[in-house]
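Here's a quick briefing to read alongside the sequence and the fold. Have both open and follow along.

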Amino acid sequence: MDLEKQPQQPSAPVPDAASMRASDADRDRIAHILREALAEGRLDADEHAERIDAVYRAKTMGELEPLVGDLPAAAGGRAPAAAAAAHGQGADWTAGAGGEGEAEKLVAVFSSHTRRGRRRIGPSTRAFALFGSVEIDLTEAVFTQRLTTIQATAVFGSVEVRVPENISLRGSGTGVFGDFDVRALEAPDPEAPLVVVDGYAVFGSIEAKPKRGKRVTDILHDKLRKHLGH
């Protein structure tokens with residue numbers, strides 16, 4: 001058989017990089033570059049607000065990359081493990097019973113979004129408020145891992161986080177003509193859940209603090225007592 005006369009199989013088309021669908025990690029990377037540019041004075045507040053809005057609306061890499069084309073690419077985001085280390089925790093805090101999973105996304109654009117009640121909380125939450133408000137109440141949440149991270153962005157809006165008073169709470173962020181207020185809290189129990197709030201507020205506010213009278217152990221005790229019929 002003459003192999004040279006065999007019909008050539010058509011090769012699979014190579015997808016254009018610009019048409020590739022953007023992932024949440026891609027959006028986080030671009031948002032971090034924009035945040036660094038804002039802090040360094042490369043972008044003013046209006047430019048930053050316009051671009052960050054486009055980040056969360058982007059569907060493809062071709063829509064994302066031009067948003068940082070005129071900015072230093074070296075300002076990309078840190079890996080999750082590096083971020084945890086920066087908050088004083090070892091790698092064991094980055095692994096939890098819940099696994100990596102997909103981040104929960106809470107978006108409020110000219111609206112409000114509230115998340116509260118008895119529910120299982122995942123390892124990562126992204127909150128974005130543009131002329132709106134997001135409220136995250138974790139006082140009755142079921143923590144399935146030690147480390148829970150909340151990436152918050154408030155542009156002419158607000159993000160509020162409430163946690164039980166017997167867990168650890170830490171944060172790192174920036175307020176540009178706005179407020180970033182995370183009231184650090186260290187739990188007596190070294191095995192207690194840790195919530196880390198990172199983000200930035202532009203003409204808005206991000207606030208995270210414990211809610212007095214709400215404790216993880218109290219919630220578990222009440223559920224157990226109800227289950228036993230006492």
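**One tyrosine and one sheet**

Let's start with Tyr200, which sits in strand E11, residues 194-202. Keep in mind that this is a predicted model. After the tyrosine, we'll turn to a parallel sheet of five strands.

**Around Tyr200**

- Tyr200 has a relative accessible area of 4%, so it counts as buried, the cut-off being under 20%.
- Leaving out residues up to four places away in sequence, Tyr200 touches Ala31, Arg35, His48, Ile52, Ala152, Thr153, Ala154, Thr174 and Ile206.
- Take Ala152 from that list: it is 48 residues from Tyr200 in sequence, yet their C-alpha atoms are 6.6 Å apart in space.

**The five-stranded sheet**

- The sheet is open, its strands pair in parallel, and their order is E2-E5-E8-E12-E10.
- E2 (112-115) and E10 are the edge strands, each pairing on one side only.
- On average, neighbouring strands here are turned by 10° against each other, ignoring direction.

**Who pairs with whom**

- At one edge, E2 pairs with strand E5 (residues 133-137) in the parallel sense, over four bridges. Thr114 has Glu135 in E5 as its bridge partner.
- Strand E8 (residues 158-164) and strand E12 (residues 205-211) are parallel too, with seven bridges between them. Look for Arg162 opposite Lys209 of E12.
- E12 also runs parallel to strand E10 (residues 179-182), joined by four bridges. In E12, Ala208 stands opposite Val182.

Methods: Residues are numbered from 1 along each chain as its sequence is written. This is a predicted model: local features need pLDDT of at least 70, side-chain atom pairs count only at pLDDT 80 or more; totals for chains, interfaces and linings use all residues. Side-chain values use heavy atoms; hydrogens and water are left out. Helices (H or I, at least four residues) and strands (E, at least two) are DSSP runs, numbered from the N terminus. Buried means under 20% relative accessible area, exposed over 50%, partly exposed in between (1.4 Å probe, protein chains only). Contact means heavy atoms within 4.5 Å. Two strands pair if DSSP finds at least two bridges between them. Axes are lines fitted to C-alpha atoms, for helices over the stretch in contact, and angles run from 0 to 180 degrees between N-to-C directions.
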